[in-house]
Amino acid sequence: MLWQDEYTCNNLLKSKTDLIIKLSKEEKVALEVQIKKCNKNIEYWLDLLVKQYIYNNTTDKSIEHIQENFITMVEKGTLKDYINELLPDINENDVRKTINNVNKTIENIAMEKTSRIFFNNKPVIIYKSEIEAIKDAGTKYAQYKNSRKQPSEWAQKYLFVFLVWQKAYQNMYGNKFEWALDKEETLRELTEKSGDSGQRCRRFEKLIKDGYITYEIKNVLNLRKEEPQLLYKMNFLANEGEEAFQITDFKYIWEHYIVYNNNIKYGFCSECGEFIKKNHKDKKLCEACQKK
């Protein structure tokens with residue numbers, strides 16, 4: 001799921017006796033103490049259940065449709081009714097607070113999906129030397145497909161996405177940060193939406209062994225205290241040289257690499273920026289913009 005622990009939500013809703021808000025006052029107090037020990041509270045659980053409710057009642061699980069459905073539910077009063085059903089004695093201020101909390105979560109996810117806020121509103125510059133290093137990796141790990149040996153897509157995709165991510169951190173810290181945080185969930189989503197985790201690990205082992213990427217655990221300042229974090233750096237990253245292209249629209253990442261290497265078959269809509277597959281080399285608009 002996008003934001004919550006599905007297992008936790010399902011267990012909370014499994015039966016009335018399991019649901020926090022159905023407990024007696026004494027049980028609530030006892031549970032509140034227990035929850036606070038892990039830095040969570042009743043408000044946390046309520047937000048969680050409301051978010052799951054929105055998610056489960058949205059057919060298309062994309063963040064765009066979840067955001068649209070959330071707005072509809074607020075306007076129709078559906079969310080308010082659901083919160084009151086969960087917690088009949090809740091006051092209006094707490095209902096609004098819960099809805100606002102959920103709204104902030106959705107907005108943050110939507111913003112990260114579309115504009116990649118960590119880029120600090122700066123373009124990422126990709127150099128030709130970096131493209132060549134990635135292409136070499138594609139050749140190195142070439143695979144047979146339809147009886148023909150073809151450059152490895154997974155190697156090129158992994159290296160390009162991780163390269164862009166590290167350059168994003170450079171933008172954020174003014175090129176003073178040599179390493180990038182390995183946000184595993186986000187990076188894996190950008191490189192592989194599905195697949196065997198064991199295979200993914202073996203692939204990364206190859207890239208590390210062959211010197212394309214270096215991993216290290218370092219202490220990083222987090223909420224005023226240092227914590228060990230898994231960091232990485234791309235060993236072929238360049239900060240100068242002949243420029244290949246810039247990424248300014250961060251809705252797409254891997255697609256920029258595809259377009260650069262094959263702009264006859266692929267491109268971006270000149271009106272809305274949507275990634276498109278061309279049926280002729282002069283195609284400039286996506287289907288939606290062509291119909292306008």
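Guide: Rings of Phe, Tyr and Trp count as a pair if their centres lie within 6.5 Å. The model here is predicted. In this model, ring pairs link Tyr141, Trp154, Tyr158, Phe162, Phe204, Tyr212, Tyr215 and Tyr232 into a cluster.

Visitor: How many aromatic pairs does the rule give?

Guide: The count comes to 16 aromatic pairs. One of these joins tyrosine 53 and tyrosine 82, with 3.9 Å from centre to centre and 10 degrees between the planes, and is stacked.

Visitor: Where do tyrosine 53 and tyrosine 82 lie?

Guide: Tyrosine 53 belongs to helix H3 (residues 42–56) and tyrosine 82 to helix H5 (residues 78–86), so their pair ties together parts that are 29 residues apart in sequence. Tyrosine 82 has a relative accessibility of 10% and therefore counts as buried.

Visitor: Why is the pair of tyrosine 215 and tyrosine 232 called tilted?

Guide: Planes under 30 degrees apart count as stacked and those over 60 as edge-to-face, with the rest tilted. For tyrosine 215 and tyrosine 232 the planes stand at 40 degrees and the ring centres are 6.0 Å apart, so the pair is tilted. Tyrosine 215 sits in strand S5 (residues 213–222) and tyrosine 232 in strand S6 (residues 225–234), so this pair ties together parts 17 residues apart in sequence.

Visitor: Is tyrosine 232 buried or exposed?

Guide: Tyrosine 232 is buried, because its relative accessibility is 0%. Its partner, tyrosine 215, is partly exposed, with a relative accessible area of 21%.

Visitor: What does glutamate 130 touch, leaving out residues up to four places away in sequence?

Guide: Burial comes first: glutamate 130 counts as buried because its relative accessibility is 0%. The residue lies in helix H7 (residues 128–140). With residues up to four places away not counted, glutamate 130 touches Ile125, Leu163, Lys167, Phe236, Leu237 and Ala238.

Visitor: How is empty space found, and what lies in the second largest pocket?

Guide: Rolling a probe the size of a water molecule over the atoms shows where empty space is left. In this model, the second largest pocket holds about 490 Å³ of space. It is lined by 14 residues, of which Gln150, Pro151, Glu153, Gln156 and Trp254 are the closest to its centre.

Visitor: Which elements supply at least two residues of that lining?

Guide: Strand S2 (143–145), helix H8 (153–172) and helix H11 (254–261) each do so. H11 gives the most, with four residues. By class, the lining of this pocket divides into five nonpolar, six polar and three charged residues.

Key
Residues numbered from 1 in each chain as written. Predicted model: local features only at pLDDT ≥ 70, side-chain atom pairs only at ≥ 80, totals over all residues. Heavy atoms only, no water. Buried < 20%, exposed > 50% of the residue type's maximum accessible area, 1.4 Å probe, protein only. Contact = heavy atoms within 4.5 Å. 1 Å grid on protein atoms, 1.4 Å probe; cavity = no way out; pocket = protein on both sides within 12 Å on 5 of 7 lines; lining within 4 Å. Points joined across faces, edges and corners; volume = space filled by probe spheres on them. Nonpolar A, V, L, I, M, F, W, Y, C, P; charged D, E, K, R; others polar.
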